[in-house]
Amino acid sequence: MNGFTLTPVEKKPLSFALPVIGAAGGVAGLFVGTAHGSGLMGVIAGAVLLMALGFVALRVLGLGMEKATRWGIIALFVAAGVLLAGLPGFILGGLFGWFFSWFIFWIGEGRYRASLPPYLTGGQVLWHYAFWILCGAIFVFLITPILVVIPLSFNAQNFFTFTPEMLRFDPAGYSLKHYRDFFTSSGWQQALRNSLAIAPLATLLSVSFGTLAAIGLSSEHVPFRRAIMAILISPMIVPLIISAAGMYFFYSRIGLQGTYFGVVLAHAALGIPFVIITVTATLVGFDRSLTRAAANMGADPVTTFFRVQMPLILPGVISGGLFAFITSFDEVVVVLFVGSANQQTLPWRMFTGLREQISPTILAVATILVVISIALLTTLELLRRRSERLRGMSPG
Amino acid sequence: MKLTKTLFATTALTVVAGTALTAQDMANSMTLVSWGGAYQDSQDKAYVKPYLAANPGVTATWDESSAEAVAKLRAMNEAGNVTWDLVDVVASDAMRLCDEGLAMELDHDEVLAAAPDGTPASEDFGDLIVSDCFVPQIVYSTTFGYRTDMVPAGVEPPTSVCDVFDLAKYPGKRSLQKRPIDNMEWALYCDGVAKDEIYDVLGTDEGVNRALAKLDTIKDQVVWWSAGAETPQLLADGEVFMGSTYNGRLFSAIAEQNQPIGMMWDMQSFDLDGWIVPAGLPADRLARVMDFLKFATDTQRLADQAAYISYGPARASSAPLVGKHADLGIEMAPHMPTDPANASNTHIYDYEWWADNRDDLDAKFQAWLAQ
């Protein structure tokens, strides 16, 4: 894994390699078997098939023929895949074949020890790889619901269904009509405009107030710092539905309910904690003697803030702002209470749309939002790295 | 200030008296509350767009909140800030809102247009005016659809509601609405209770247990739904073999989306959907909404709506005017729940009985579900 060998590899006895390969084949067989009606048959067939393949590859053909053997195994899996499921089977078979052709030699030739220190016991080696698999499984569990949405949004039908045409990779099964629907429907476009009108202003308010609060709260002489901090952070901790219901009645009394500015204020209140937290964290690494130096040279506090402090804490401010933006952009509970039909945001429309008509337009919007979120989070990560580099915390 | 108030009050009175108003007295925006989806589209096309075209400068905003209309109107009333002008609700919700004083009582003959032949509105709508606050728009039904390609080989496709309870003949999952209404009645009917005795039997503890026992026979094959979009989705996925939903949803899945789904009209359960006006609207908004309401519920407009969705217009005088589907060009009359061929055996859902027994049966039904 690291490209160099820590432990010399040695060939493993078949009594060890074959059961391991068989077990892996059984797991893969479980999926294939379940898809074809019988999980148990799949496990048995997969295990037997893989043990046979392993035996042939490791004992009969041997290391000398590794390259040819691996291509043979891939071809075998591809052929089986095509027989079972056509074009999708071709791709899945190729992937399975590629994995197992590598796996058989990886186990059989003992290569899995190469990147591990030589003193590890068998149990420790097992745990090392079990840990990797566990992490991978958790990752898959987290990411699959998001990944499933993306192909479904190209569905040619008006249902959340992988149609047979889609599974055959037939172009007729796919269409951009849900994207077209999103970009041409006045309701969705109004919602997009509302979201784009509300989120930036809410972000601006959160960033301004949050940054000022963070700077104030990180100076030593402010009384009740912890209590004030706790109150400012509370929108993040109090269940959203409670804040929302409270805001609804409060805003109704003062005439803000159902107005654009009401929603902006509500979202700003939700965004402020994120800004406070990120800016406070950045301020920990900020050298206070710089402000004193600036004051010493005649700069007033405002100049000091904009010329000295702000550029240095900017990454924290921006990442807080991004969080505040995403909060406002993704928020549905508060806007349902505080907004009226004129302030319908994208999440509001998705929420009602999902309840009243299960239309893949929602999936198209979800895909677009996922892409936007990824773009924003990437920006965030790049800024974080830049900030670390500037502060000399990482080599680059 | 006092003068304006008096003026507004007089305008409100003149509205109720049905006198024509000048546009200056009316607010120029409305918030209409409906169910979203194809149903709201049909309203938009049949009467909101034409109304806005005839009244330049007026805007209408849709709020898809009918599902929680009762709760939201209560909250708005409590906060003293009613932002809705006209709310589309099912008949039972209209009755509740009327009882709680959250909806305005109307004199149907005065605020609604008469039929073209001069029949007053109250006679044209007839029995469908189930509450003084309620202006019916459509008759819809909750009925069953099934996957035509999942009917077992060599078996006739299902035609009777009792086929839902017949797991031996028609194996597979069913989707039913997660509430006692309709399900209890269908269960008793299929357990051999005569149609006109269903509510008498359901009024006794033994009757309730009998209905639940019948539902028990299919319970492990039931997927429970709460939103109207779920059954069409489940049927399109092939997740269920048959399921109940609103007939317009099934029509849309069959005729517009070309799904392999068949209709079962047997023992369809009729229900009504219509408008209520929230109580306590300011005079200018009330004037506007009354003007719209009169337009939107006249004979022609209700008939127009049927060109977009297969729900029966609530006015008797609209039925002969029902034409073809706006996009597909098929005759809509045979797809109406009220069509004689579809309505040969229907279930008349008893509002009053359910109003009295709903809470009790809801509790029993939920307890049974949790078992």
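This is a short tour of chain B, from the whole chain down to the place where its two domains touch. Keep in mind that the model is predicted.

**Stop 1: the whole chain.** Select chain B and show it as a cartoon. You should find 14 helices and ten strands. Turn to the C-alpha trace, which spans about 75 × 45 × 35 Å along its principal axes. The radius of gyration of chain B is 22 Å, which agrees with the value near 21 Å for a compact globule of 371 residues.

**Stop 2: the inside.** Colour chain B by burial: buried residues make up 48% of its 371 residues. Contacts come next. Among those in chain B with a separation of 6 or more, 72% join residues 24 or more positions apart.

**Stop 3: the two domains.** Select 2-133 together with 277-321 in chain B and give them one colour; the domain assignment calls this domain 1. Then select 141-271 together with 340-370 for domain 2. The C-alpha centres of these two domains of chain B lie 32 Å apart.

**Stop 4: where the domains touch.** Here, ten residues of domain 1 of chain B are in contact with eight residues of domain 2. Which elements give two or more residues to the domain 1 side? Select helix 2 (37-54) and helix 4 (91-99) of chain B to see them. Stay on helix 4 of chain B, since the largest share of that side, three residues, comes from this helix. Finally, colour the domain 1 side of chain B by residue class: where it touches domain 2, it has eight nonpolar and two polar residues, and no charged ones.

How values were computed. Residues numbered from 1 in each chain as written. Chains lettered and ligands numbered in written order. Predicted model: local features only at pLDDT ≥ 70, side-chain atom pairs only at ≥ 80, totals over all residues. Domains from an automatic or database assignment. Contact = placed C-beta atoms within 7 Å. Helix = DSSP H or I, 4+ residues; strand = E, 2+ residues; numbered from the N terminus. Nonpolar A, V, L, I, M, F, W, Y, C, P; charged D, E, K, R; others polar. Rg over C-alpha atoms; globule rule 2.2 N^0.38 Å. Buried ≥ 20, exposed ≤ 12 C-beta atoms within 10 Å, placed from the backbone.
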